[in-house]
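Hi everyone, thanks for making time for this one. Could you pull up the sequence and the structure so that we can walk through them together?

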Amino acid sequence: MDRVTLPIQIAPSVLPADFAELGKAVRDLQTAGVDLIQWDVMDGQFVPNLTFGPDVIAAARRHCDLPFEAHLMVLTPDVMAAEYVKAGCSRLIVHAEACTHLHRTLDNIRSLGATAAVALNPATPASAVENVLDLIDLVLVMTVNPGFGGQNYIGTMECKVREVRNMITAAGLGDAINVEVDGGISAATVSGASAAGANVLVAGSALFKHPGGLAAAVSELRDLGTAAFSA
Ligand code: DX5
């Protein structure tokens, strides 16, 4: 696989944060050196959990200068997309499994002025994105079944990460499309994911529960991911 020149990016999930102090959480994450913030948006339908509406994200927006991405774990991304862009998200990640007309959904997101991305649940094949690579800047390979933080990493997803990364490279888009992993990403698992081709690392528990604090956790994850991705 040709080595691409994309940087390793740390994209914390704020799911483990104190929901009564989300402004402070995003400020602290920015101070700790993360690259962007991921908002796990859950509608209680697509996944059995309910989290952030657009107003919550809009309230946090003024506390942080970093890019926000919304991971839309929702059944109706077309209905919600505009509100999350208005709330300050510059990337919207939709689930292939929730989109009857994925190509149209991604095109609509781009027409809103955001960048579009596709998330794949563990059972969804990489081929689900092969006909929309021209519309996206990121593929999210879920390394857990979505809905909750603190789950165990599904190591068999590394084959899919590699397949997605190779598909992107074969399409000549190796430096344009990121591969993101989300779920159980920690110092123990990040090297396998990044060696397979993941360059954007979503982590919640591994960051918020690190004994050395957020900055140490971010540095550790970045160093391990960079070493594995560029090997
Ligand atoms: C699942 C969520 C989690 C979260 C990260 O729907 O998307 O993967 O972001 O959880 P941790 O890092 O705690 O496994």
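I'll start at the ligand and then visit a handful of residues elsewhere in the chain. Please keep in mind that this is a predicted model.

So, the ligand. How many residues surround the ligand? There are 17 of them, and the closest are Asp40, Gly147, Asp182, Gly204 and Ser205. If you sort that shell by class, you get eight polar residues, seven nonpolar ones and two charged ones.

Let's look at some polar partners. The side chain of Asp182 places an N or O atom 2.5 Å from an oxygen atom of the ligand. From the backbone, Gly204 brings a polar atom to 2.7 Å from a ligand oxygen. Gly184 also uses its backbone, with an N or O atom 2.8 Å from an oxygen atom of the ligand. As for how well the ligand is covered, on its own it has 370 Å² of accessible area, and the protein covers 98% of that.

Where does the ligand sit? The space it takes is the largest pocket. Two elements give two or more residues to the shell around the ligand: β2, residues 37-42, and β8, residues 200-203.

Now hold on to Gly184 for a moment, as it leads us to Thr189. Thr189 is in the loop between β7, residues 178-182, and α6, residues 190-195. The Thr189 side chain reaches the backbone oxygen of Gly184 at 2.8 Å. Is Thr189 buried or exposed? Its relative accessibility is 14%, and the cut-off for buried is under 20%, so Thr189 counts as buried.

Staying with β7, find Asn178, which lies in that strand. What does the side chain of Asn178 contact? It makes a polar contact with the side chain of Asn199, at 2.8 Å. Asn178 counts as buried, because its relative accessibility is 8%.

Next, please turn to strand β4, residues 89-95, where Leu92 lies. Leu92 has a relative accessible area of 0%, so it is buried. Leu92 and Ala117 are 25 residues apart in sequence, and their C-alpha atoms are 6.1 Å apart in space. Cys89 is in strand β4 too, and at 3% relative accessibility Cys89 counts as buried. From Cys89 to Ala176 it is 87 residues along the sequence and 19 Å in space, C-alpha to C-alpha.

Two helix residues to finish. Ala60 is found in helix α2, which runs over residues 54-61. It counts as buried, because its relative accessibility is 2%. How far apart are the C-alpha atoms of Ala60 and Val132? They are separated by 31 Å, with the two positions 72 residues apart along the chain.

The other one is Phe229, in helix α8, residues 214-229. Phe229 has a relative accessible area of 4%, so it is buried. If you draw a line from Phe229 to Ser111, it spans 32 Å, C-alpha to C-alpha, and the two are 118 residues apart in sequence.

To take away from the ligand site: the protein covers 98% of the ligand's accessible area, and Asp182, through its side chain, is one of the ligand's polar partners. Gly184 is worth a second look on screen, since its backbone comes to 2.8 Å from a ligand oxygen and its backbone oxygen is reached by the side chain of Thr189. Thanks for listening, and I'm happy to take questions.

How values were computed
Residues are numbered from 1 along each chain as its sequence is written. This is a predicted model: local features need pLDDT of at least 70, side-chain atom pairs count only at pLDDT 80 or more; totals for chains, interfaces and linings use all residues. Side-chain values use heavy atoms; hydrogens and water are left out. A residue is near a molecule or strand if one of its heavy atoms lies within 4 Å of it. A polar contact is a pair of N or O atoms within 3.5 Å; within protein, one must be able to donate a hydrogen and the other to accept it, and residues adjacent in sequence count only if both atoms are side-chain atoms. Accessible areas come from the Shrake-Rupley method with a 1.4 Å probe; for residues, only the protein chains shown count as cover. On a 1 Å grid over the protein atoms alone, a cavity is a set of points where a 1.4 Å probe fits but cannot get out, and a pocket is an open set with protein on both sides within 12 Å along at least five of seven lines; lining residues have an atom within 4 Å of a point. A molecule sits in a cavity or pocket if more than half of its atoms lie within 2 Å of its grid points. Helices (H or I, at least four residues) and strands (E, at least two) are DSSP runs, numbered from the N terminus. Ala, Val, Leu, Ile, Met, Phe, Trp, Tyr, Cys and Pro count as nonpolar, Asp, Glu, Lys and Arg as charged, and the others, Gly among them, as polar. Buried means under 20% relative accessible area, exposed over 50%, partly exposed in between (1.4 Å probe, protein chains only).
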